[in-house]
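Colleague: Please walk me through the ligand site and the aromatic pairs. Keep it brisk.

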Amino acid sequence: MRLDKYLADLQVGTRKEIKEMIRKGLVTVNGEIEKDPGTSVSGEEGIICDGEPMEYQEYVYYMMNKPEGVITATEDSHQETVLDLLPERRRKDLFPVGRLDKDTKGLLLITNDGQLAHRLLSPKHHVEKTYEAWIEGLVTKLDVDRFARGVELEDFKAMPARLEILQTYVSQQDQMENKSYVRVTIHEGKFHQIKRMFEAQHKKVAALKRISMGPLTLDPDLPEGEFRELTPEEVAALKEVE
Ligand code: URA
């Protein structure tokens, strides 16, 4: 791989900044100053850039706390995407694993590891996804039982899902103001699945947040709109998903 691309993948700077650093003699390869940005490197060399030893990572993994109002896509000419929330210098091969609706927030994995993404999304693996949601109206034990049996939707029958009622608010004045806070765990990821499962019970999801996907749980210290690299333990746990 070209030296400038190698350093760009490590988010050392933009291609332009990197070329400039190389030309200024700030980059050494195996102890020798290298002034050609196009020189070929394999990643096995000892590369030092502006005094910092470089360690190449083929795959990178970020946890994002997606805010409402951004779309889960890599690019869009009109709307802000989740990748727009990452810094300019990010590598170009990143993509979000799975999809959250524009008005859904919470845990989103962003990576360039296609194999892992494929495994996490494959219907074969039934990776658990847990959401917390505000629902308009009162969620009841009947809904819990229906979710547990598998809700019939227009085009498919959802697999059994775990619905837990965390809080209910009953308005004394207006029953239209009743609401419930619930946790739902599903094993699929069909389009608008949670919203459609509640719609089938004649209830509307007012707010939806994903809190976990397989072994990965949203970091409670990660503010909305921010991201962080996964820890090696989190990456290892994801790779163990069967
Ligand atoms: N289910 C939905 O309805 N929306 C999401 O964003 C995720 C799951």
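Colleague: How do the residues of the shell around the ligand divide into nonpolar, polar and charged?

Modeller: This is a predicted model, where local features need pLDDT of at least 70, side-chain atom pairs count only at pLDDT 80 or more, and totals for chains, interfaces and linings use all residues. Residues are numbered from 1 along each chain as its sequence is written, and side-chain values use heavy atoms, with hydrogens and water left out. The shell (a heavy atom within 4 Å of the ligand) includes L100, Y131, H192 and K195. Its split is four nonpolar, three polar and two charged.

Colleague: Which side chain has an N or O atom 2.7 Å from a nitrogen atom of the ligand?

Modeller: Polar contacts here are pairs of N or O atoms within 3.5 Å. T104 offers a side-chain N or O atom 2.9 Å from a ligand oxygen. The 2.7 Å distance to a ligand nitrogen belongs to the side chain of D101.

Colleague: Which helix gives the largest share of the shell around the ligand?

Modeller: Helices are DSSP runs (H or I, at least four residues), numbered from the N terminus. Three shell residues come from one of them, residues 193–199. That largest share is from helix α5.

Colleague: What is the angle between the planes of Y62 and F227?

Modeller: Rings of Phe, Tyr and Trp (its six-membered ring) pair if their centres lie within 6.5 Å, and the count comes to four aromatic pairs. Y62 and F227 are 5.5 Å apart, centre to centre. Their pair is edge-to-face (planes over 60 degrees apart), at 90°.

Technical notes:
A polar contact is a pair of N or O atoms within 3.5 Å; within protein, one must be able to donate a hydrogen and the other to accept it, and residues adjacent in sequence count only if both atoms are side-chain atoms. Helices (H or I, at least four residues) and strands (E, at least two) are DSSP runs, numbered from the N terminus. Ala, Val, Leu, Ile, Met, Phe, Trp, Tyr, Cys and Pro count as nonpolar, Asp, Glu, Lys and Arg as charged, and the others, Gly among them, as polar. Rings of Phe, Tyr and Trp (its six-membered ring) pair if their centres lie within 6.5 Å; planes under 30 degrees apart count as stacked, over 60 as edge-to-face and the rest as tilted.
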